[in-house]
Amino acid sequence: MHGYEQAQQAREYIQAHLAASAPSPAPVGLILGSGLSGLTERIDVRAAIPYVEIPHWPTASVTGHAGRLALANIAGTSLIVLAGRVHLYEGLRAAEVAFPVRVLAGLGVQQLIVTNAAGAIREDWSPGHLALISDHINLQGDSPLAGAHEERWGPRFPDMADAYSPGLREAARQAAQAAGIGIVEGVYAAVKGPNYETPAEIRYLKSIGADLVGMSTVPEVIAARQMGLEVLGISVISNLAAGLGDTGLHHDEVLAVGGSATERLADLIRGTLPAMAGRR
Ligand code: HPA
């Protein structure tokens, strides 16, 4: 079970362990996707807790997901960083995948930055580029809100228009421009995985309006929006989607591209945080 009481227990454990380093709640959460956990080496980490120690926390099994919760400071803002996440393809339900976001909200997080590695469905985009997520298409066949309704988390039928905050996207665009970081923007289609798509599936995703494809993010964003968190989504383009590039797709390459993009991702986040503060 990953319900309200379990989220309370996880929150209490984290609060007790971070009490010395975190006198006041961190207003921003940051989820690091595949190959991006190295970002924690570029920021000021004050304390960390391995996921395995936190009650009820779903743990990751895939290479590239370090699996710890860190309290960090970037550009004067206190953040809770989740280095590593779980996915539906690990056999979990969307409600379990979204559980960490429930806990972050309980800890006082008001704004969530979600990152991931994604395949580009547009031929003019290249591996290594950063993309702001403008919207998503949920093809995972599950929602974190499916099942019994927990009204303490928010509405049963939350609105998903502007799920990816237009204001935060504008702030990120300005930060990217100021830092000289090239950035694109598009719609993220979430599939279950873990296999990569067929070329026919990619042609289908293109025809329904997707620009990016990945296996994560959507459960967390649905839960975040139900609880009223403001969301910024950033994809690191790790590859051209199936059938668009010359080579096959390999998880190792996805991780490697992510690793090489972490510096720009850290710069983008650092540049965006001051404008985020003005919106809280
Ligand atoms: N497809 C699905 N998920 C992904 C991809 C992809 O091409 N690249 C990184 N995550």
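On a 1 Å grid over the protein atoms alone, a cavity is a set of points where a 1.4 Å probe fits but cannot get out, while a pocket is an open set with protein on both sides within 12 Å along at least five of seven lines; lining residues have an atom within 4 Å of a point. Grid points are joined across faces, edges and corners, and a volume is the space filled by probe spheres set on the points.

The model is predicted: local features need pLDDT of at least 70 and side-chain atom pairs count only at pLDDT 80 or more, whereas totals for chains, interfaces and linings use all residues. Residues are numbered from 1 along each chain as its sequence is written, and side-chain values use heavy atoms, with hydrogens and water left out.

**Exercise 1. Describe the largest cavity and its lining.**

Step 1: A search of the whole structure finds 1 cavity of 30 Å³ or more. The volume of the largest cavity is about 80 Å³.

Step 2: Its lining has 12 residues, and nearest the centre are Trp57, Gly84, Arg85, Val86 and Pro100.

Step 3: Sort that lining by class (Ala, Val, Leu, Ile, Met, Phe, Trp, Tyr, Cys and Pro are nonpolar; Asp, Glu, Lys and Arg charged; the others, Gly among them, polar). You should get 9 nonpolar, 1 polar and 2 charged residues.

**Exercise 2. Find the residues with the most contacts inside the largest nonpolar core.**

Step 1: Start from the term: a nonpolar core is a set of buried Ala, Val, Leu, Ile, Met, Phe, Trp, Tyr and Cys residues joined through side-chain atoms within 4.5 Å. Buried means under 20% relative accessible area, exposed over 50%, and partly exposed in between (1.4 Å probe, protein chains only).

Step 2: The largest core holds 43 residues, and Ile14, Ile54, Trp57, Leu69, Ile80, Leu82 and Val103 have the most contacts inside it.

Step 3: Zoom in on Ile54, where contact means heavy atoms within 4.5 Å. Neighbours within four places in sequence aside, Ile54 contacts Ala10, Tyr13, Ile14, Ile49 and Leu69.

**Exercise 3. Compare the linings of the two largest pockets by class.**

Step 1: The largest pocket encloses about 420 Å³. Of its 24 lining residues, His2, Ala95, Pro144, Ala146 and Ala148 are the closest to the centre.

Step 2: The second largest pocket has about 310 Å³. Its 25 lining residues include Ala117, Tyr196, Gly214, Met215 and Val254, which lie nearest the centre.

Step 3: For the largest pocket the classes are 10 nonpolar, 7 polar and 7 charged; for the second largest they are 12 nonpolar, 11 polar and 2 charged.

**Exercise 4. Is Glu230 buried or exposed, and what does its side chain meet?**

Step 1: Glu230 is found in strand 9; helices (H or I, at least four residues) and strands (E, at least two) are DSSP runs, numbered from the N terminus.

Step 2: Glu230 counts as buried because its relative accessibility is 14%.

Step 3: Its side chain makes a polar contact with the side chain of Ser165 at 2.9 Å. Such a contact is a pair of N or O atoms within 3.5 Å; within protein, one must be able to donate a hydrogen and the other to accept it, and residues adjacent in sequence count only if both atoms are side-chain atoms.

**Exercise 5. Trace what the side chain of Arg156 reaches.**

Step 1: Place Arg156 in the loop between strand 6 (130–138) and helix 4 (166–179).

Step 2: The Arg156 side chain reaches the backbone oxygen of Leu145 at 2.7 Å and the backbone oxygen of Gly147 at 2.7 Å.
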